Amino acid sequence: MAMASRLTLLRRISKLLLSPSLSPSPPLRSSRLLFLLRNASRTNVSPWPFASSRSFCSDPLNLPQDSQGPASIDYRSVLPEDEFHRLANSTIHNLQEKLEEYGDIVEIDGFDVDYGNEVLTLKLGALGTYVMNKQTPNRQIWLSSPISGPSRFDWDHDTQAWVYRRTKANLFKLLESELEQLCGEPVNLS
């Protein structure tokens with residue numbers, strides 16, 4: 001550490017320790033100050049590890065251009081809350097009915113469809129469990145899948161469907177594909 005930056009650091013430490021609102025009792029303050037001053041002047045290591053670099057938070061993130069971060073949200077297209085509830089409730093209730101019908105076709109031990117507290121749960125016994133619920137603040141339907149993991153679906157006005165922005169997957173198509181893969185029987189949820 002250069003001498004000028006070490007002196008600056010030492011001045012900051014002494015001001016911090018001598019500040020009446022932040023410092024401990026006078027004897028402890030004096031001994032702590034001496035300890036910090038001695039150790040800071042003897043080593044090249046700052047007594048405050050987080051203060052060792054001036055660019056602690058100022059460096060920009062250098063992410064690759066093709067990184068798969070979430071797409072930006074166009075807040076002009078966010079659904080009004082009443083419309084979101086209408087669309088999400090309709091979607092979840094229709095899925096519940098279709099999944100109950102599907103359960104009559106497939107023969108899987110532990111197959112169960114349950115809807116309570118605005119959460120739709122599809123249990124497939126040893127094959128796994130799907131959980132779907134509304135996220136009103138985000139105007140999304142969230143899905144937890146035993147195959148694809150968690151997904152957050154937004155209403156897409158153009159396609160009139162729930163779409164996962166990160167992968168562009170359609171909620172119904174994703175469920176149809178995964179259920180056929182797990183259960184061995186095709187299903188039409190749309």
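Buried means under 20% relative accessible area, partly exposed from there up to 50%, and exposed over 50%, with a 1.4 Å probe and protein chains only. The model is predicted, so local features need pLDDT of at least 70 and side-chain atom pairs pLDDT 80 or more, while totals for chains, interfaces and linings use all residues. Residues are numbered from 1 along each chain as its sequence is written, and side-chain values use heavy atoms, without hydrogens and water.

Me: What percentage of the chain's residues count as buried?
Reply: The chain has 190 residues. The share of them that counts as buried is 33%.

Me: In what pattern do the helices and strands follow along the sequence?
Reply: Helices (H or I, at least four residues) and strands (E, at least two) are DSSP runs, numbered from the N terminus. The chain holds 4 helices and 7 strands. Read along the sequence, they give α-α-α-β-β-β-β-β-β-β-α.

Me: Is S145 buried or exposed?
Reply: S145 lies in strand β4, residues 140-145. The side chain of S145 makes a polar contact (N or O atoms within 3.5 Å, one able to donate a hydrogen and the other to accept it; residues adjacent in sequence count only if both atoms are side-chain atoms) of 2.5 Å with that of E178. Because its relative accessible area is 6%, S145 is buried.

Me: Which class of accessibility does D114 fall in?
Reply: D114 is placed in strand β1. Since its relative accessibility is 42%, D114 counts as partly exposed.
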